[in-house]
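Here's a quick briefing for anyone meeting this structure for the first time. Take a look at the sequence and the model, then read on.

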Amino acid sequence: MKWQSLAIPEVILIQPQVFGDHRGFFMETWQRDRYAASGLPEDFVQDNLSASRRGVLRGLHIQHPQGQGKLVQVIQGEVFDVAVDLRQGSPHFGQWAGVTLQGESKQQLYVPPGFGHGYYVLSEMAMFLYKCTEVYHRESEFSVCWNDPDIGIDWPLDGEPLLSDKDRQGSRLRDIPAVRLPLYAAIRED
């Protein structure tokens with residue numbers, strides 16, 4: 001298993017070990033002790049599966065105060081996956097890290113609590129699986145505008161993205177009241 005921090009150190013790209021032969025393949029998608037030894041949470045409480053067609057953009061979603069860490073993986077197709085640091089006081093506040101995830105590569109991405117998360121579907125169809133460290137709380141979820149110019153995500157768009165009403169109405173980061181945003185851990189220790 002290989003671990004690689006992206007442009008924001010807490011966002012981690014994971015290449016699980018895959019065992020394959022003429023019959024197919026086998027891999028562990030999560031093993032508590034092994035992932036915990038590498039710094040990922042031991043306790044995931046909810047799994048989600050999403051199917052989307054080409055051009056769908058989902059995000060940027062965050063929950064606060066019931067923050068959700070996510071271990072994401074594309075099991076079929078291809079997406080461009082993005083994490084945005086929304087933790088007040090973080091040295092990476094408002095910055096993003098992105099990576100293309102493909103079902104064939106079997107890579108995973110860990111997006112910690114305090115980060116906005118979104119993805120754009122590049123293939124005809126994509127099946128997107130993710131484990132969450134907290135259950136869904138409608139009252140604490142909100143969306144940051146996917147094309148906020150202050151964040152400046154370089155989405156690999158092919159035309160106008162297909163958005164939900166919620167994502168179409170996302171707020172610019174500068175317009176979100178500070179009380180709605182999580183704090184960077186170093187601030188909590190002061």
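Asp148, Asp150, Arg172 and Arg174 are joined up in a network of salt bridges. Keep in mind that this is a predicted model. The structure has 12 salt bridges in total, and a handful of them are picked out below, along with some ring pairs and a buried lysine.

**Salt bridges**

- Within that network, Asp150 bridges to Arg172, with the closest N and O atoms 3.1 Å apart. Asp150 sits in the loop between strand E13 (141–143) and helix H2 (165–168), while Arg172 sits in the loop between H2 and helix H3 (185–189), so the pair ties together parts that are 22 residues apart in sequence.
- Asp150 has a relative accessible area of 43%, so it counts as partly exposed. Arg172 is partly exposed too, at 27% relative accessibility.
- Helix H2 has a bridge of its own: Asp165 and Arg168 meet side chain to side chain at 2.8 Å, N to O. These two are three residues apart in the helix, which means about one helical turn separates them.
- Asp165 counts as exposed because its relative accessibility is 52%, and the cut-off for exposed is over 50%. Arg168, at 48%, counts as partly exposed.
- Another bridge pairs Asp33 with Arg32, where the closest N and O atoms are 3.4 Å apart. Asp33 is partly exposed at 48% relative accessibility, and Arg32 is partly exposed at 44%.

**Aromatic rings**

- Searching the whole structure turns up six aromatic pairs. In one of them, the rings of Trp30 and Phe44 have centres 5.5 Å apart and planes at 90°, so they meet edge-to-face.
- That pair links distant parts of the chain, 14 residues apart: Trp30 is in the loop between strand E4 (24–27) and helix H1 (32–37), and Phe44 is in the loop between H1 and strand E5 (46–53).
- Phe44 is buried, with a relative accessible area of 12%, whereas Trp30 is partly exposed at 25%.
- Phe128 and Tyr130 make a tilted pair, 5.7 Å from centre to centre with 55° between the planes. Both of these residues, Phe128 and Tyr130, are buried.
- Phe80, Trp96 and Trp155 come together as one aromatic cluster.
- Phe25 has a charge for company: the charged end of Lys106 sits over its ring, 4.1 Å from the centre.

**A buried lysine**

- Lys70 belongs to strand E7 (residues 70–76). What is the nearest side chain of opposite charge to Lys70? That's Glu141, 6.3 Å away, and Lys70 is buried without a salt bridge.
- Leaving aside residues up to four places away in sequence, Lys70 touches Leu109, Tyr110, Val111, His117, Tyr130, Lys131 and Cys132.

**The whole protein**

- Three helices and 13 strands make up the secondary structure. The radius of gyration is 16 Å, close to the 16 Å that the globule rule gives for 190 residues, so the protein is as compact as a globular protein of that length.
- The C-alpha trace spans about 55 × 45 × 30 Å along its principal axes.
- Of the 190 residues, 47% are buried.
- Among contacts with a separation of 6 or more, 79% are between residues 24 or more positions apart.

**An exposed proline**

- Pro91 lies in the loop between strand E8 (78–85) and strand E9 (96–102), and at 56% relative accessibility it counts as exposed.
- Pro91 and Arg23 are 68 residues apart in sequence and 47 Å apart in space, going by their C-alpha atoms.

Key. Residues are numbered from 1 along each chain as its sequence is written. This is a predicted model: local features need pLDDT of at least 70, side-chain atom pairs count only at pLDDT 80 or more; totals for chains, interfaces and linings use all residues. Side-chain values use heavy atoms; hydrogens and water are left out. Rings of Phe, Tyr and Trp (its six-membered ring) pair if their centres lie within 6.5 Å; planes under 30 degrees apart count as stacked, over 60 as edge-to-face and the rest as tilted. Helices (H or I, at least four residues) and strands (E, at least two) are DSSP runs, numbered from the N terminus. Buried means under 20% relative accessible area, exposed over 50%, partly exposed in between (1.4 Å probe, protein chains only). A charge sits over a ring if NZ of Lys or CZ of Arg is within 6 Å of the ring centre and within 35 degrees of the ring normal. Lys and Arg count as positive and Asp and Glu as negative; His and the chain ends are not counted. A salt bridge is a side-chain nitrogen of Lys or Arg within 4 Å of a carboxyl oxygen of Asp or Glu. Contact means heavy atoms within 4.5 Å. The radius of gyration is taken over C-alpha atoms; the globule rule is 2.2 Å times the number of residues to the power 0.38.
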